[in-house]
Amino acid sequence: MSPFDLWQIMRRIKKDVEKHYTQKTTFHRLMRFLFANYVGMMIPLSVCLFLIYQIAPVWVHHWVFEIAFLKAPMWIAGLLTLYVAFRFLRRYIFPEEGWRGYFSPIVGSSILASVLAAALVIAFSGGARWVQIHKDAQFEEIDTLPRVSNALVRYTPAQVAAEEIVRRTQTSQFTPGKTRPIGSSTGVAYIAPLVPQGLYNALFEHNTGFMYYDDGGTDEAAQRVKTLSSAPFQWGEGMEVLDDVYRQLIRKVGFLNSYPEIYYAPVYKTDGSVQEILGVVPYISYRFWWGLMIPQWGGVAIFHADGSVENLSPTKAASDDRLSRTQRLFPEKLAETYIYSERYDVGESFLEQMWYGFIRRPGKIEIPDLPGKEQMPFFLPMENGSYSYLATVEPDGEAFSLMRVYLINSKTGKRQVYRYDKEGRPSNLQGPKKVISYVKALPNYVWHEGEGANSSGTYRIIEPRPVTPDGQDHLFWMLSITPADYARVVATVFVDSGTNQVYGPFETREQTFAWLRGEKIQTTQTTSTEIENMCAQIQMLWQNSCTNTQSHLMGASTQP
């Protein structure tokens, strides 16, 4: 149904009410006000829309919230454009010149001017919003290169863990939902809820289990995927209509919030068994600033299997013992937003910051677009025992060197930056996007290229994690080689950001972590030099064989 159809229905209702409710009684007057007055008709219309909204899919809320609230300045600019255009059309076309007025220069120039003015308002409001976000971010500049924990750095990329979880799921009613990394006693782990699949199950079944991937340790024979059982959740992911977790969060935590991610935190007993599994939702709230909605860390919502909800402030969530192990409390989406806002970090005045954030200028950053679904910032364990969302950024545009390292503490939200674009620091280091090409120089691999029907190749290189091996003082890139379907980690390689030298491939966990500890590891990979030597030896043997055979035949032919 179009807005025009709705308008026609309202007009028809208005005429019918005016025809049948003509008396001066209170009831007739109320009916005329509610259904024959355009202002009064907003009341029943709002009630109907509210009732429809209660049973509408959750994506309707996302659409309404994103368009009607977060993008309000753009709507205002668009409505102003329509109003200005309508006024000029009404004045210069319909009452005076008819359709010939369309060709009037003043009408055309007025419409164009109104469109340009609206575009300027939209651009100004967007730029002002990003500048204010940058002011809120307040990254603290540090002088020491942040170090990822060499003992706990995640060995398995997120996509590989998600694929392994799907392959190990043993149920036809449920399928793994979104896999997210969390902290654990052995380093990074991955957890995914078992969500109902199929319409019947989505309407009537409840989440009762989770798939857990333990990425810690070096035991190659260990089975890393296990199923965690829990009491049936009253509402959760993949459950439809009133049982949808997002609908309940909107009702019980807040309408004017964003809930970009949900993860699950196992709570353990003293004997190591699982006592309870909590649904944890770091959410984003908004504050009004001159008509714009500026995101901020609203808190952490916890939902239990029985349907109860706890709404914790950031301070209370950081001190909650149940969440001390997972440590994922700050919204990842907000971390990415704060890092992106650093594009507006230059300028003395508000207008200068907007302008320098819009144009391409020295020192402007860009978060690199990496192969695969998993993008920066990465959730990584740090050397000091904390976990951080870490992103290494490159210069904006067609330049790919390492420029800065941003990290946001996932528990407290503390924000820090280490700058390579500063005098006295190492410069011209290799960034994460183009470092992959050096790994592709390894022989014996047919690399995956292209997507869809045009794809070819067997192996991928994904997830460049920044590490600093023991005994080194600068950054290396840790990359994983996987099959094209992300079935497992085939090998791990390291690339020196300064020299581009490739170390590896290391085919086991023990080799990988031993190299990070500074040990020298002998790999089984055949290098290009060794291949050339082997070919030369084969060629020499072949020539010698041919020479011996020819000599033997010539000697035999000279005998009587």
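**View 1. A glycine sits in the hairpin between E10 and E11.** In this predicted model, glycine 307 takes a positive phi near 95 degrees, and it belongs to the hairpin of E10 and E11, which has 5 residues between the strands. Follow the chain on either side and you meet the two partners: strand E10 covers residues 292–303 and strand E11 covers residues 309–312. They pair in the antiparallel sense, over 4 bridges. Look for phenylalanine 303, which stands opposite valine 309 in E11.

**View 2. Phenylalanine 303 turns up again, this time in an aromatic cluster.** Its partners in this one cluster are Phe210, Phe233, Trp235 and Tyr264.

**View 3. Tyrosine 155 meets phenylalanine 513.** The model has 28 aromatic pairs by the rule used here. One of them joins tyrosine 155 and phenylalanine 513, with 6.3 Å centre to centre. What is the angle between the planes of these two rings? It comes to 35 degrees, and the pair is called tilted. Now check where each ring comes from: tyrosine 155 lies in the loop between strand E1 (140–141) and helix H7 (158–168), while phenylalanine 513 is in helix H14 (residues 509–516), so the pair ties together parts that are 358 residues apart in sequence. Are the two residues buried or exposed? Tyrosine 155 is buried, with a relative accessible area of 4%, and phenylalanine 513 counts as buried too, at 7%.

**View 4. Two positions show a side chain over the face of a ring.** Arginine 328 lies over the face of phenylalanine 379, at 5.5 Å from the ring centre. In the other case, lysine 434 lies over the face of phenylalanine 400, and here the distance from the ring centre is 4.7 Å.

**View 5. Lysine 364 is a buried lysine.** You'll find lysine 364 in the loop between helix H12 (350–358) and strand E12 (365–366). Its relative accessible area is just 3%, so it counts as buried. What does its side chain reach at 2.9 Å? That would be the backbone oxygen of glycine 357. Leaving aside residues up to four places away in sequence, lysine 364 also touches a whole list of others, including Arg343, Tyr356, Phe358, Glu394, Asp396 and Met403.

**View 6. Helix H2 has buried residues on one side.** Which residues are buried in helix H2 (residues 26–35)? They are His28, Met31 and Leu34. These three cover an arc of only 135 degrees around the axis, which puts them on the same side of H2.

Note on methods:
Residues numbered from 1 in each chain as written. Predicted model: local features only at pLDDT ≥ 70, side-chain atom pairs only at ≥ 80, totals over all residues. Heavy atoms only, no water. Pairing = 2+ DSSP bridges. Helix = DSSP H or I, 4+ residues; strand = E, 2+ residues; numbered from the N terminus. Phe/Tyr/Trp six-rings, centres within 6.5 Å; stacked < 30°, edge-to-face > 60°. Buried < 20%, exposed > 50% of the residue type's maximum accessible area, 1.4 Å probe, protein only. Lys NZ or Arg CZ within 6 Å of the ring centre and 35° of its normal. Polar contact = N/O pair within 3.5 Å; in protein donor to acceptor, adjacent residues only side chain to side chain. Contact = heavy atoms within 4.5 Å. Arc of directions from axis to C-beta.
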